[in-house]
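Got your viewer open? Load the model, switch to cartoon, and follow along stop by stop.

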Amino acid sequence: MSAVLAAVVVSVSACGTDEAKMPIDTPERAVAGYSVPENVDYNVRWSTEPGIDLLSRPAVAVRAYMESYYLAIHGHALSAGYPGFADATSQQRDRVDFDHSNDPELEQLVGTQFEHLLAMTPTEDGWVATVCSGNYTVMAEKGGRFFNLTGPSPQAETVRMVAAEQAQSVASERIVAEGAERAPSADVFAGWTISEHDPAARDQNAYAECDARMPDARDARPQKANVPHDTPYPTLAPYPGWPRYDEN
C-alpha cells in the first residue's frame, strides 16, 4: 500500500446516534451576484477513498478550492472562483495570476470533470489533501467540434490548508454541502485558507493510484489532447453538488 493511502483520513464513524449523521454548520447567507463563468458548462463529480466524507469541513474546503481553481483558470479571473475564494487564497504561496492569462480567448467548455479525494492528512494547523483531477473528460467546443483538454492521465495534486480558528476539533462534523446546484452561492470556505497548491504531487505513487480511480478505463479515454471529436463527453450531473444556500 502506498504512503498516500496509508495517510490518516477524515471519517465520520458510525457511532449509532442520529446526531453523528445530522448535517450541521450551514454558511450564514448567500453572496449576491455570484455565478459560474458563462463559458464553463462542464460539471464536477467527486469520489473518495473509503472513510473520507465529502461533507466534512476539510473535504468541503478541498472541493470548493479545487472547483474554484479550475473555474478561475478557465474564466481567466480570480472572481470566477466561488465566494470566498479570493480571501481563502490571499496568502497562498505562488498563487496563479488568474486575471492575466496568456491566452486572451475564453474557451467554451463542456463535459464532466472527475475529482477523487485520495487522501487527507492532519497537520499542526490544518490538513494536506491529495486530489486526483480527471480533466480528459472536459472538452472545448470549436466550430461545432469538440477537443479534449488533456490526454488519458489524470493529474495528482496536493493542497495544504490552514484550518479556521478552533476548527480542528470539529473537523469530522458534517455540514450542509450537497444538492442539485453546480456551485455554492455562499462562502463555504468559512475561514479556511489555502497555504499551498502543488498541481504535481510530490508522491509519485499518487499518479498510479489516481489513474486507477478514474471511472473510465484507460483505453477508453481520449489518448491525446486536442484531438477533434464529433460529440462531447457527456455532461453528467454534479456530485455531491451544492445546495441553494438562500433557501437554508
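Is Ala-64 buried or exposed? Select Ala-64 and show its surface: the residue is buried, with a relative accessible area of 0% (buried is under 20% relative accessible area, exposed over 50%, partly exposed in between, with a 1.4 Å probe and protein chains only).

A quick note before moving on. This is a predicted model, where local features need pLDDT of at least 70 and side-chain atom pairs count only at pLDDT 80 or more, while totals for chains, interfaces and linings use all residues. Residues are numbered from 1 along each chain as its sequence is written, and side-chain values use heavy atoms, with hydrogens and water left out.

**Stop 1: around Ala-64**

Ala-64 sits in helix α2. Helices (H or I, at least four residues) and strands (E, at least two) are DSSP runs, numbered from the N terminus. Now add Tyr-82, Val-188, Phe-189 and Trp-242 as sticks: Ala-64 touches these four, leaving aside residues up to four places away in sequence (a contact is heavy atoms within 4.5 Å). Then draw a C-alpha to C-alpha distance from Ala-64 to Gly-81; you should get 8.6 Å, for a pair 17 residues apart in sequence.

**Stop 2: the largest pocket**

Stay with α2, residues 57–75, which supplies the largest share of the lining of the largest pocket, 4 residues. In total 19 residues line this pocket, and Ile-73, His-74, His-76, Ser-101 and Glu-107 lie nearest its centre. (A pocket is an open set of points on a 1 Å grid over the protein atoms alone, where a 1.4 Å probe fits, with protein on both sides within 12 Å along at least five of seven lines; lining residues have an atom within 4 Å of a point.) Its volume is about 300 Å³, counted as the space filled by probe spheres set on the points, which are joined across faces, edges and corners.

**Stop 3: β2, β4 and β5**

Select 108–122 and 138–142: these are strands β2 and β4, antiparallel and joined by 4 bridges (strands pair if DSSP finds at least two bridges between them). Zoom in on Leu-109, whose bridge partner in β4 is Ala-140. Next add 145–148, strand β5, which pairs with β4 over 4 bridges, also in the antiparallel sense. Here Lys-142 stands opposite Arg-145. β4 and β5 make a hairpin with 2 residues between them, and Gly-143 in the turn has a positive phi of about 60°.

**Last stop: zoom out**

Colour by secondary structure and you'll find 4 helices and 8 strands. Of the 248 residues, 48% count as buried.
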